Amino acid sequence: MANISLLRVDDRLVHGQVVTKWIHESGAEKIIIVDDYLATNSYLSNVFKLAAPKGIDVATYSSEKFVDEINANTFGDTPLLVLFKTIKNLKKVFDLGFSVERIQIGGIGSNADRKLVYQSIALSEEEAKDLLEIQKNNVAIFFQRVPDEKEADLSVIVKKNFKNLI
């Protein structure tokens, strides 16, 4: 099984906090981006490769390819920082049989369908439902933007912001 040191949902993917804080904090030596759209766009994938610190490889996979690579143990023991741009792609890999013990929700911007639920992190009701479904697989899901911020559990966030889902 892959050595996933941190799995994070962050719609900005590789950016300042990831580059300066989370790579160091997690001990990751490689960044894996799982995004169905980016996996087909080599130009944008290269932009994220250029944003990574020197010595940190960045690879982009579709949901299906990521699950195939995990199942084939392609990544070996290399500590990985796995990034998802959307909860939709995260849910898709779980539907394909992937599992992990912990998921960090670190950055999801607001839009017409989403509301702020924790600091600057926003969720839609559908995304909250998807996260609750994933959590049923004994997965700890928490919200945390930066390492020195206390983790906030998904259950607390849902109870406060989506009472109809309880």
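**Notebook: a walk through a predicted model**

**Entry 1, S99.** I began with S99 and, setting aside neighbours within four places in sequence, found it in contact with M1, F94 and V139; contact here means heavy atoms within 4.5 Å. I should say early that this is a predicted model, where local features need pLDDT of at least 70 and side-chain atom pairs count only at pLDDT 80 or more, while totals for chains, interfaces and linings use all residues. Residues are numbered from 1 along each chain as its sequence is written, and side-chain values use heavy atoms, with hydrogens and water left out.

I placed S99 in the loop between α4 and β5. For such names I rely on DSSP runs, numbered from the N terminus: helices are H or I of at least four residues, and strands are E of at least two. S99 is partly exposed, with a relative accessible area of 34%. My cut-offs are these: buried is under 20% relative accessible area, exposed is over 50%, and partly exposed is in between, using a 1.4 Å probe and protein chains only. I also looked up L80, which is 19 residues from S99 in sequence and 15 Å away in space, C-alpha to C-alpha.

**Entry 2, the cores.** Which residues touch the most other members of the largest nonpolar core? I found F66, F98, I103 and F143, in a core of 39 residues. Helix α4 (residues 87-95) gives the most to this core, with four residues. A nonpolar core is a set of buried Ala, Val, Leu, Ile, Met, Phe, Trp, Tyr and Cys residues joined through side-chain atoms within 4.5 Å.

I then followed F98, which, leaving aside neighbours within four places in sequence, is in contact with I4, L7, F66, V67, I70 and V93. Apart from the largest core lies another, of 16 residues, with L13, V14, V18 and V58 among them.

**Entry 3, the rings.** I noted six aromatic pairs in the structure. Rings of Phe, Tyr and Trp (its six-membered ring) pair if their centres lie within 6.5 Å; planes under 30 degrees apart count as stacked, over 60 as edge-to-face and the rest as tilted. The Y61 and F75 rings have centres 5.7 Å apart and planes at 85°, so I wrote them down as edge-to-face. Y61 lies in strand β3 (residues 57-61) and F75 in the loop between α3 (63-71) and β4 (79-84), so this pair ties together parts that are 14 residues apart in sequence. Y61 is buried at 14% relative accessible area, and F75 is buried at 6%. Y61, F66, F75, F84, F94 and F98 form one aromatic cluster.

I looked at one charge over a ring as well: K115 lies over the face of F162, at 4.7 Å from the ring centre. That label needs NZ of Lys or CZ of Arg within 6 Å of the ring centre and within 35 degrees of the ring normal.

**Entry 4, strands and I105.** What joins β5 to strand β8 (residues 140-143)? I found four bridges, with the two strands running parallel; strands pair if DSSP finds at least two bridges between them. The bridge partner of Q104 in β8 is F142. Strand β8 is also joined to strand β9 (residues 152-153), by two bridges, and these run antiparallel. F143 stands opposite A152 in β9.

I105 sits in strand β5 and is buried, at 0% relative accessibility. Beyond its neighbours within four places in sequence, I105 is in contact with V9, I121, L131, I141, F142, F143 and Q144. The C-alpha atoms of I105 and L154 are 9.1 Å apart, with their places 49 residues apart along the chain.

**Entry 5, salt bridges.** I read off 12 salt bridges, each a side-chain nitrogen of Lys or Arg within 4 Å of a carboxyl oxygen of Asp or Glu.

- R114 and E127 form one, with the closest N and O atoms 2.8 Å apart. R114 lies in the loop between β5 (102-107) and β6 (115-118) and E127 in helix α5 (residues 125-135), so the pair ties together parts that are 13 residues apart in sequence. E127 is buried at 10% relative accessibility.
- D10 and R8 form another, at 2.9 Å between the closest N and O atoms. D10 is buried at 0% relative accessibility, and R8 is buried at 0%.
- E125 and K129 meet at 3.9 Å, N to O. Both lie in helix α5, four residues apart, about one turn of the helix. E125 is partly exposed at 33%, and K129 is partly exposed at 44%.

My last note is that salt bridges sharing partners join R8, D10 and R12 into one network.
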